[in-house]
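This note sets out comments on the model for a colleague's review. Please read the points alongside the sequence and the coordinates.

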Amino acid sequence: MAQELAARLAAGPTVAYGAIKRQLAIGASGSLADALAAEAQAQAITGATADHRHATAAFVNKEKPVFEGR
């Protein structure tokens with residue numbers, strides 16, 4: 001079961017997962033201004049990835065996205 005979960009997470013949008021982890025850490029200890037600044041940075045980073053472009057195209061084409069961590 002743990003291996004299945006690990007495999008599923010590894011096949012997902014790993015750049016976005018990293019951004020989520022950073023957001024959670026900042027949200028737990030920072031101010032609202034810190035959280036909003038970090039969110040803006042995360043959106044810029046994740047929105048510029050190849051994974052984002054491929055996932056958007058897969059969504060439009062009603063296909064399952066394939067993430068490569070780029």
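The numbered points below take the helices in turn, then the surface, the salt bridge and some separations along the chain.

1. Status of the model. The structure is a predicted model. The comments that follow should be read with that in mind.

2. Length of α3. Helix α3 comprises 16 residues, 32-47. At 1.5 Å a residue the helix should span 22 Å, and its end C-alpha atoms are 22 Å apart, so the expected span and the model agree.

3. The buried side of α3. Which residues of α3 are buried? They are Ala38, Ala42 and Thr46. These residues cover an arc of only 60° around the axis, and therefore lie on the same side of α3. The spacing is in keeping with a general rule. An α-helix has 3.6 residues a turn, so residues three or four places apart point the same way.

4. Cover over α3. The buried residues of α3 are covered by elements that include α2 (14-29) and α4 (50-60). One residue of α2 can be examined in more detail: Ile26 touches Asp34, Ala35 and Ala38, with residues up to four places away in sequence not counted. Of these partners, Ala38 is one of the buried residues of α3. Ile26 itself counts as partly exposed, because its relative accessibility is 27%, which lies between the limits of 20% for buried and 50% for exposed.

5. The other side of α3. Ala33, Leu36, Gln41 and Ala44 are exposed on the other side of α3. For Gln41 the relative accessible area is 52%, which places this residue just past the cut-off, since exposed means over 50%. The C-alpha atom of Gln41 is separated by 32 Å from that of Gln3, the two residues being 38 apart along the chain.

6. The two faces of α4. Ala50, Asp51 and Ala58 are the buried residues of α4. Seen down the helix axis they fall within an arc of 95°, so they line one face of α4. The face turned away from this buried side carries Phe59 and Val60, which are exposed. An aspartate is thus among the buried residues of α4, while a phenylalanine and a valine are exposed on the face turned away; a reviewer may wish to look at both.

7. Backbone after α4. What is the sign of phi at Lys62? The angle is positive, about 55°, although Lys62 is not a glycine. This residue lies in the segment after α4. The side chain belongs to a residue that counts as exposed, at 79% relative accessibility.

8. Nonpolar surface patch. Leu5, Leu9, Tyr17, Ile20 and Leu24 form a nonpolar patch on the surface, and together they have about 460 Å² of accessible area. Two elements, α1 (2-10) and α2, each give two or more residues to the patch. The most comes from α2, with three residues. Leu9, a residue of helix α1, is partly exposed, with a relative accessible area of 41%.

9. The loop between α1 and α2. Ala11 is found in this loop. Is Ala11 buried or partly exposed? With a relative accessible area of 47%, it is partly exposed. Ala25, in helix α2, also has 47% relative accessibility and counts as partly exposed. The C-alpha atoms of Ala11 and Ala25 are separated by 23 Å, with their positions 14 residues apart in the numbering. From Ala25 to Ala35, which is 10 residues apart along the chain, the C-alpha separation is 9.4 Å.

10. Salt bridge. How many salt bridges does the count give? The count comes to one. Arg70 pairs with Glu68 in a salt bridge, and their closest N and O atoms are 2.3 Å apart. In general, side chains of opposite charge can pair when their charged atoms come close. Glu68 counts as partly exposed, at 46% relative accessibility. Between Ile26 and Glu68 the C-alpha distance is 26 Å, and the two residues are 42 apart in sequence.

Key. Residues are numbered from 1 along each chain as its sequence is written. This is a predicted model: local features need pLDDT of at least 70, side-chain atom pairs count only at pLDDT 80 or more; totals for chains, interfaces and linings use all residues. Side-chain values use heavy atoms; hydrogens and water are left out. Helices (H or I, at least four residues) and strands (E, at least two) are DSSP runs, numbered from the N terminus. The expected span of a helix is 1.5 Å times one less than its number of residues. Buried means under 20% relative accessible area, exposed over 50%, partly exposed in between (1.4 Å probe, protein chains only). The arc is that of the directions from the helix axis to the C-beta atoms. Contact means heavy atoms within 4.5 Å. Patches are made of residues with over 30% relative accessible area and no salt bridge: like charges are joined within 9 Å, nonpolar side chains (Val, Leu, Ile, Met, Phe, Trp, Tyr) within 5 Å. Accessible areas come from the Shrake-Rupley method with a 1.4 Å probe; for residues, only the protein chains shown count as cover. A salt bridge is a side-chain nitrogen of Lys or Arg within 4 Å of a carboxyl oxygen of Asp or Glu.
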